[in-house]
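I opened this one to see how its parts sit against each other. My notes follow in the order I looked things up.

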Amino acid sequence: MSSGANSNPPKVGIVSLGCPKALVDSERILTKLHAEGYEISGTYEGADAVIVNTCGFLDSAKQESLEAIGDALAQNGRVIVTGCMGADETAIRSAYPDVLAVSGPHQYEAVVEAVHDAVPPAHDPFQDLVPPEGLHLTPRHYAYLKISEGCNHHCSFCIIPSLRGRLQSRPVHHVLSEAERLANAGVRELLVISQDTSAYGVDLKHESRCWKGGEIRTHMTDMASALGDLGIWVRLHYVYPYPHVDDVIPLMADGKILPYLDIPFQHASPRVLKAMKRPADHERILERIASWRDVCPDITVRSTFIVGFPGETEDDFSFLLQWLEEARLDRVGCFKYEHVDGAAANALPGAVDPDIMDERWERLMETQHRISTEKMQAKIGRILDVIIDDVTEDGAIGRTQGDAPEIDGTVTIAGAPDLEPGDIVLVNITDAGDYDLAGTIVT
Ligand code: SF4
């Protein structure tokens, strides 16, 4: 990557930790820096400064962030810290007083300013350095599309609202323009992300904006429908089960967006959900999942759960296991409860013994493992659309419409010549593991 403006353009390295939302922040910072003539370095060595975009969601993530800052200081020495953990500047400076600057999440300008101070730009205004779709850290064929920042809820285990503030939705025409640019640049799959995708536009009172000669509301359903017109895969993440979620299921059944819903339920026991202060109506969820499957039989429902939340009893946990047996979700992640500095849940009584927490985690994973294996087996003999992520000497690795990159399963395709990442092909599923599939191209 060369600016062409200067034989020695300034170089900046970046380490991006945490969730896809943080990745999008990193991409924005890089896009801005690249536009100013900076070269982006893949290594610490040779970089004039290094940005560490930290994650502060869990204590383990904070530890990882501190280690990354330490590594960058040891290997480069000129380190700019940003991201969720940057909101706690004292913690960072007490561990590493020599960092050049610290800023919190979403503070692109502060990061760019800190880079200017560390290593001034060598800008050539006559060069257009940035491709119109911006710079991306994901492979070229898929991209994250961030539609809002912040959250209006107060889940007792979460400090994101205090780190990132209240919900701020991007105007819908900006989101759609970005999506269109990405599609024009060759992106074949968009992953819609936010803290709370179903709340999109609430802060803007779902105002209408002009788009393609018509009007469109700043609302999840309208946005999803317009994204579906781009003719590429569109996947919705972090959707909470508000009633209007039912309205996007027909879009999935019609093939406009992928039949995939990532809904972080976190628990099923009403008592625990109340203590978690979870948003949205969790009653009748099993009935609603059944009705979604009636409308769109191929829908994949992914979720995450927390076991060992303070006050969780054996009855609550059994309720969750029974619920999972009935819900038969397609993809499930499970976390053991962790104290997070500043979270309201820390003050709750009834801490769960770590051994009991481990045991509940094992039981939940065993239950889901069985369900997942059965679901994977049921796919043998089906012909499915698969997007190619990687081409190897022996064949290719791809994903079905029910698999998000990085978090879900894969499809291994033997002997598939002439494929490229981003190709979407029909695959005859011939074998299934616990979470992954294998098959052959349909010619
Ligand atoms: S919905 Fe709850 S868990 Fe999700 S970001 Fe908001 S407060 Fe945190």
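**Entry 1: where two domains meet.** I started with the contact between domain 1 and domain 2: 13 residues of domain 1 touch 10 residues of domain 2. Keep in mind that this is a predicted model. Which helices supply the domain 1 side? I found helix 1 and helix 2 (59–75), each giving at least two residues. Helix 1 has the largest share, with 4 residues. By residue type, I noted 7 nonpolar, 4 polar and 2 charged on that side of domain 1.

**Entry 2: the domain bounds.** I then wrote down how the chain is cut: domain 1 covers 11–118, domain 2 covers 142–377 and domain 3 covers 383–441. Between the C-alpha centres of domain 1 and domain 2 I have 28 Å.

**Entry 3: the five-stranded sheet.** Next I went through an open sheet with 5 strands in the order 2-1-3-4-5, paired in parallel. Why do strand 2 and strand 5 each have a side without a neighbour in the sheet? Strand 2 (39–41) and strand 5 (101–102) are at the edges with a single partner strand each, so one side of each stays unpaired in the sheet. I looked closer at strand 1 (residues 11–16), which pairs with strand 2 in the parallel sense over 3 bridges. As a landmark I picked Gly13, whose bridge partner in strand 2 is Ser41.

**Entry 4: helices on that sheet.** Helix 4 (residues 108–118) packs on the sheet and touches strand 1, strand 3, strand 4 and strand 5. I get about 180° between the directions of helix 4 and strand 4. Helix 1 (residues 20–35), which I already had from the domain contact, lies across strand 1, strand 2, strand 3 (49–54) and strand 4 (79–83). Helix 1 runs at about 175° to strand 1.

**Entry 5: around the ligand.** Which residues are around the ligand? I listed Cys151, His153, Cys155, Cys158, Ile160, Pro161, Gln195, Asp196 and Pro279. Sorted by type, this shell has 6 nonpolar, 2 polar and 1 charged.

**Entry 6: strands 16 to 18.** Last, I followed strand 16 (residues 383–391) into strand 17 (residues 395–400): they run antiparallel and are joined by 5 bridges. How many residues lie between the two strands of this hairpin? I noted 3 residues between strand 16 and strand 17. Ile388 has Gly398 of strand 17 as its bridge partner. Strand 17 also pairs with strand 18 (residues 411–414), antiparallel, over 4 bridges. There I marked Ile397, with Thr412 of strand 18 as its bridge partner.

Notes: Residues numbered from 1 in each chain as written. Predicted model: local features only at pLDDT ≥ 70, side-chain atom pairs only at ≥ 80, totals over all residues. Pairing = 2+ DSSP bridges. Contact = placed C-beta atoms within 7 Å. Axes fitted to C-alpha atoms, helices over the stretch in contact; angles between N-to-C directions. Near = placed C-beta within 6 Å. Nonpolar A, V, L, I, M, F, W, Y, C, P; charged D, E, K, R; others polar. Domains from an automatic or database assignment.
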